[in-house]
Amino acid sequence: MLQFDFDIILKTLPYLLREGMVFTLTLTALAAFGGLVLGTLLALMRLSTIPGLALFATGYVNLMRSLPLVLVIFWFYFLVPYIGQAILRTERPVEVGAFASALITFTLFEAAYFSEIMRAGIQSVPKGQLSAGYALGLTYRQVMSYVVVPQALRNMLPVILTQTIVLFQDTSLVYVISITDFLGAASKVAQRDGRLIEMYLFAALVYFLISFLASLLVKRLQARTAIIR
Amino acid sequence: MSNAAGPMIEMAAVSKWYSPQFQVLKDCTTSVAKGEVVVVCGPSGSGKSTLIKCVNALEPFQAGTIRVDGINLSDPGTDLPKLRARIGMVFQHFELFPHLRITENLCLAQEKVLGRSRDEAMAKGKALLDRVGLSEHAGKFPGQLSGGQQQRVAIARALAMDPIAMLFDEPTSALDPEMITEVLDVMVELAREGMTMMVVTHEMGFARKVAHRVIFMDRGEIIEDRNKEEFFGSPRSDRAQLFLSKILAH
């Protein structure tokens, strides 16, 4: 008969939250923000009439979306120091650190997904809105920043947040470069105390609750932020 | 260069093709003098909306020249955003920015394009909103207004830029019948104040009341370009006659 000890969760909770969850949430928030900014730029590049820009953005997005995230995390972890060395012309590979490496990876990876969302969002803004902006004397850049992108963001907010929830779950993959995120922290305790079932069960419950509650919130937000047309 | 004496809008042999087989505008030549109100009418698909959109270069054209206040649109040195800022445009579907409040709709281009301060832009916007009779709606979003109200805001938004001319692209076509008058009233007032206007519309009542000239288009060509009295009076082309008999039948 298996003996369960759920006290272990209570005892290690401060560690799980402070070490693990803080990291998970920080990485999620920063990568989502960075990914959205970069993704929007990529979307604009992809929709641009300058062929070189469009080609680059399309290539980038397709490449990122065709690679497994774990592989990208690995590659960046090992490559970024050398890329830094090449750019900065230092003698040794630049020390980037696991957190920075993970942040760069997730930002670049998520940007590909966010760019597809933003592309759809930008295309969802009626052409007449652009005409109205131009007719008022706004430049391309101004039309994009004040008229199109704000509407695209609002139209796509539910999808953006849903993608962020996926990102929140995906951050657990940082275990491959030995970073202690929430799952990593739970895993450490599990291994140390031989409480695999309790800890993984608890971790699953936490991920489920956060993701589920967040998606409920997204649904409610969706009703509130919809642009009145 | 600005020329006070010449026409405000001058089109010479403007042609536009969507594809080599499909020509939307054929050698369109006309002009609009300062203070003149010109109504452009014709059956749907005749190119009248396309023509008016060429005036502020929202639609590119392949041949001919258009000058606005003496400035050639096709000249590579022409700063199009700057020129467009001086020409007001009102669209069939209003095209207010739905994510911005009415006041923001009125202020955005004033601040970003003309560099006016917030207070200045706000004062101007509020005054114009008052003029079109919508002061109490300043804090609302466009979607909370009726079509007629939105179109009046759109006119105010264009006027806020102190335009030298106004272009109207079927401003009442998307409106419910009971809202057409409130928009036309604003336009009539504007015409009487001496605003240079080019108006694509089927509202012949408006044309009769304030237009100086009427342009009739069909299949991308300007068929008639005459004084109002002549146009509504006796001799005219068969096509224009047929068109008028259709829209004036009821």
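**Rings and charges in a predicted model**

Trainee: Let me start with one residue: is F182(A) buried or exposed?

Mentor: F182(A) is buried, with a relative accessible area of 0%. Keep in mind that this is a predicted model. Under 20% counts as buried, so Y207(A), at 12% relative accessibility, is buried as well.

Trainee: And how many aromatic pairs turn up over all chains?

Mentor: Searching the whole structure gives 12. One of them joins F182(A) and Y207(A): the ring centres are 5.7 Å apart and the planes meet at 70°, making the pair edge-to-face.

Trainee: Which parts of chain A does that pair tie together?

Mentor: F182(A) belongs to helix α7 (residues 182–193) and Y207(A) to helix α8 (residues 196–225), so the pair links parts that are 25 residues apart in sequence. Over in chain B, F231(B) and F232(B) also pair edge-to-face, at 5.4 Å centre to centre with 80° between the planes. Both F231(B) and F232(B) are buried.

Trainee: Which residue lies over the face of F232(B)?

Mentor: That's R208(B), at 4.5 Å from the ring centre. You can spot a similar arrangement at F97(B), where the charged end of R157(B) sits over the ring, 4.6 Å from its centre.

Trainee: Back to chain A, then: which residues do ring pairs link into a cluster with F182(A)?

Mentor: Look for F168(A), F202(A) and Y207(A); together with F182(A), they form a cluster linked by ring pairs. Try finding F182(A), the buried residue we began with, and trace the cluster from there.

Key:
Residues numbered from 1 in each chain as written. Chains lettered and ligands numbered in written order. Predicted model: local features only at pLDDT ≥ 70, side-chain atom pairs only at ≥ 80, totals over all residues. Heavy atoms only, no water. Phe/Tyr/Trp six-rings, centres within 6.5 Å; stacked < 30°, edge-to-face > 60°. Helix = DSSP H or I, 4+ residues; strand = E, 2+ residues; numbered from the N terminus. Buried < 20%, exposed > 50% of the residue type's maximum accessible area, 1.4 Å probe, protein only. Lys NZ or Arg CZ within 6 Å of the ring centre and 35° of its normal.
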